[in-house]
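Take a moment to look over the sequence and the model shown here. Then we can walk through it together, a piece at a time.

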Amino acid sequence: MIADDPQRKEKLSRLIALIGGIVALVGAFLLCVIAFAGWSANFASLTQERQLIENQIDQQIARILSEQTSIALWDPAVVATSPDTFDDGFVEREFGIFFSDTYGHDEVFVFAPDGRPTFAFVNGERRSLDVATARRSEISAIVDHALGDGGERLKERPSALFEDIRNAYANIENAGEYSRWSGHLMNVDSQPAFVGGLTILPPTDRSLLNGPPSVLVSINYVRGSFIDGVGEVLLLPDLRLVDSPPGDSRLGTLPLVTDDGVMSGYLAWTTRRPGQMLLTTILPLGALVVVLAGLLSAFMFQRLRRAHDELSTREADAWRQARSDALSGLPNRTHFIEELGRRLETTSSSQSVLVAYIDIDRFKVINDTMGHEAGDHLVRQVSERLTEFLPGSDFVARFGGDEFAVLRSTRDDKDGDKLSDVLKRAFADPFQISVHKTQVTASIGVASAPRDGTTIEQLMRNADIALYESKNNGRDRATVFVPRMAQRISERRAIELELRDALENDRLALAYQPIVSSESSEVDGVEALLRWTRDDGSSVSPADFIPIAEEVGMMPSLGAWVIDRALEDARRWPDLKVSVNLSPAQFNNVDLSHQIHDASQAWGIHPSRVVFEITEGVLLDASAQTRSTLGAIREMGFEIALDDFGTGFSSLQYLSEYEFDKIKIDRSFVQGISKSRRSLTIAQAVVSIGRGLGMNVVAEGVENQADAAVVQLLGCTQFQGFHLYRPLAADRIDVIVKALGPVSHLPARQAAAFDPRRAKAS
Ligand code: C2E
Ligand code: MG
Ligand code: MG
């Protein structure tokens with residue numbers, strides 16, 4: 001339902017917000033993953049580079065010690081460095097020049113067992129022993145350790161690296177307490193340097209060692225060849241030593257804290273940063289994709305929302321259109337039924353729901369005579385009147401055509417009558433139709449829930465029954481439903497079903513009431529009157545069943561049957577005219593003139609022998625089709641009689657508009673005419689008009705001699721009535737025709753002497 005639309009809109013907004021949130025979250029998550037992957041790849045690489053460099057530092061220390069052992073653990077070296085046999089040339093050659101040239105040691109010192117320096121070689125040159133003394137204070141931890149005077153207590157290096165040197169000392173027999181060595185990263189001359197210090201021992205001739213051994217110390221500065229070598233090995237070509245950490249984020253740094261705890265500079269290099277591709281290319285691209293996806297979804301959501309809004313509007317329009325009447329703008333039948341259902345569901349037990357049906361009387365005439373535009377205009381005016389006269393709480397609808405309906409919820413028992421009164425008042429003032437102000441009336445039927453029904457179907461059917469009652473009772477009235485009406489309807493329904501059955505199974509018959517000529521006192525015609533005897537033997541008056549047949553649409557077939565049978569019977573009485581009644585329904589529904597023509601051809605009856613009787617009902621709502629049918633029937637040579645003359649609204653007007661061969665004065669004017677001056681005057685006038693227009697005038701319902709005499713005197717040309725003949729079966733007519741034989745013609749002037757009983761069947 002359209003009423004749910006705001007809820008649906010809110011649901012959609014919530015869904016869009018949810019999807020939008022999910023898209024944003026997924027986007028953010030994706031970017032975080034890329035960023036983290038990039039950052040962690042960089043971090044892992046940097047960590048690895050740092051570890052490799054640290055490892056190179058350890059290796060370098062181990063290497064220096066290993067290089068030192070190549071000379072220090074050598075028998076001649078022990079002799080040459082012993083204070084007693086110190087060989088200056090040997091030491092300079094094998095220690096100074098060899099370590100400097102072969103291994104690139106920056107500084108080489110030898111200390112005597114008492115700690116005194118005995119040799120100093122710096123940057124490839126022999127130096128004074130003062131240099132060694134000065135250095136000793138900086139590297140005392142190592143020198144003292146090697147001399148066995150304490151020292152060391154420096155940061156430990158991974159022991160696995162020193163396996164070789166440990167083995168070398170272990171292989172020297174009885175080295176014992178003299179197996180002293182240590183290698184560390186130290187701060188020397190305000191810069192980091194690898195320092196290795198160890199005792200000089202004889203690996204083969206133990207006897208050479210007479211007391212504590214001398215000590216060899218090598219210093220190799222981190223700057224220079226070490227850095228170049230490590231840079232080459234680790235593929236870090238720009239590895240360098242700097243004093244302070246560089247601010248450049250592209251550079252990896254490693255603080256060089258020496259093993260004696262001094263911060264002595266930083267190693268810096270351009271780190272590989274394998275995650276950089278992710279961070280500088282993939283991440284921005286990812287961000288772009290996420291932003292684009294966000295924009296695209298926002299655009300799509302907007303489109304979706306717009307499409308949804310458009311759809312909702314269109315749905316609402318369609319809903320409105322499907323439930324409203326285009327001409328009046330009022331709700332239509334569908335909407336009325338929905339609203340009635342809703343009210344029936346929601347109305348409390350102390351309330352009633354009134355349903356009023358309103359039908360504009362003779363709307364068809366207005367439509368046919370004044371045009372459809374006038375009809376439409378009237379419908380609009382009626383709609384406006386109803387809305388104007390009824391309170392806003394009433395639900396007014398148009399069912400189409402000239403039918404309207406009103407719904408009212410009320411607690412007032414008398415509201416049915418009150419509603420009828422308001423509706424009648426709404427029609428009290430004339431309506432503007434074309435240029436005229438015209439009085440328009442309406443028939444109204446009211447039913448009330450729960451009294452007259454609790455379902456939509458019951459209420460609508462009962463309101464319709466009440467409306468039908470109003471129409472049946474002469475229109476321009478309101479009727480409140482009572483169960484008796486429904487009873488009548490169901491009886492009518494039963495009659496309808498039986499009548500259909502009777503027609504199909506040929507259980508209908510025609511009676512013929514003779515019509516007597518006043519001139520000849522002779523039966524010169526018969527009127528065919530439909531007879532129906534029900535299965536239970538009871539007979540139903542055509543006055544009762546013909547209106548039902550008309551209503552349920554049976555009249556065309558029933559009428560056709562009558563025409564056919566009457567013309568068939570007419571062959572039996574070649575001297576008589578046969579009158580056949582025609583109903584308005586026959587004019588509306590079939591091509592009557594062809595039907596009549598075909599029947600007269602089929603039975604070989606000359607048109608001049610057949611009179612068709614129509615009532616004002618045919619002329620009342622006469623359409624162009626009715627008029628042309630009437631014209632065609634007359635043109636073929638059939639006669640037309642205006643039946644029940646005087647009972648309608650504008651009998652005289654029809655006489656001026658149409659041509660008839662005959663008028664039949666209604667029996668209500670004929671019965672008791674001998675006693676009623678009023679009837680006499682009217683009948684007299686009718687006869688005079690009829691004769692004046694050259695028509696035959698028939699007096700219907702002549703029931704006694706006195707009345708017969710009067711109508712004869714008045715100049716009626718024919719009589720019909722129980723006083724003469726009742727309607728009779730066809731074979732009785734055969735008898736009458738035979739018995740009468742050639743009847744002597746009464747001169748018209750001797751009408752007073754006419755005794756209609758003469759003409760009665762014996
Ligand atoms: P109507 O055409 O005016 O027929 C005359 C009615 O008056 C007949 O009633 C007839 O029996 C009755 N009648 C004749 N003389 C007298 C009389 O002296 N006193 C009284 N009280 N009544 C008399 P019926 O047969 O009951 O028919 C009633 C109406 O039903 C007819 O009135 C006619 O309008 C209609 N009708 C009958 N048969 C047909 C038919 O085949 N087609 C159509 N369309 N209408 C028919
Ligand atoms: Mg008749
Ligand atoms: Mg009549």
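In this predicted model, a polar side-chain atom of D644 sits 3.1 Å from an oxygen atom of ligand 1. Two further side chains can be listed beside D644, each with the ligand atom that its polar atom approaches.

| Residue | Atom of ligand 1 | Distance |
|---|---|---|
| D643 | oxygen | 2.8 Å |
| D644 | oxygen | 3.1 Å |
| Q513 | nitrogen | 3.0 Å |

How much of the accessible area of ligand 1 does the protein cover? On its own, ligand 1 has 790 Å² of accessible area, and the protein covers 85% of it. There are 24 residues around ligand 1, and the ones that come nearest are R531, D643, R667, E703 and F722. D643 thus turns up both in that nearest group and in the table, at 2.8 Å from a ligand oxygen.

Now let's step back to the whole chain. Its domain assignment gives domain 1 (54-230), domain 2 (333-482) and domain 3, which is written in two pieces (507-539 + 554-741).

Where do domain 2 and domain 3 stand relative to each other? Their centres, taken over C-alpha atoms, are 39 Å apart. Contact between them involves 4 residues of domain 2 and 4 residues of domain 3. The size of an interface is often given as the accessible area lost when the parts come together. Here, about 360 Å² is buried between domain 2 and domain 3, with carbon and sulfur atoms giving 50% of that area. On the domain 2 side, R362, K364 and V365 supply 76% of the area buried against domain 3, more than any other three residues.

Which classes of residue does domain 2 bring to this meeting place? The side touching domain 3 has 3 charged residues, 1 nonpolar residue and no polar ones. Even with those charged residues, the count of salt bridges between the two domains is 0. Polar contacts across the interface of domain 2 and domain 3 also come to 0 residue pairs, looking at pairs with both residues at pLDDT 80 or more.

Methods: Residues are numbered from 1 along each chain as its sequence is written. Chains are lettered from A and ligands numbered from 1 in the order in which they are written. This is a predicted model: local features need pLDDT of at least 70, side-chain atom pairs count only at pLDDT 80 or more; totals for chains, interfaces and linings use all residues. Side-chain values use heavy atoms; hydrogens and water are left out. Domain bounds come from an automatic or database domain assignment. Contact means heavy atoms within 4.5 Å. Buried area is the accessible area (1.4 Å probe) that two parts lose on being put together, summed over both. A salt bridge is a side-chain nitrogen of Lys or Arg within 4 Å of a carboxyl oxygen of Asp or Glu. A polar contact is a pair of N or O atoms within 3.5 Å; within protein, one must be able to donate a hydrogen and the other to accept it, and residues adjacent in sequence count only if both atoms are side-chain atoms. Ala, Val, Leu, Ile, Met, Phe, Trp, Tyr, Cys and Pro count as nonpolar, Asp, Glu, Lys and Arg as charged, and the others, Gly among them, as polar. A residue is near a molecule or strand if one of its heavy atoms lies within 4 Å of it. Accessible areas come from the Shrake-Rupley method with a 1.4 Å probe; for residues, only the protein chains shown count as cover.
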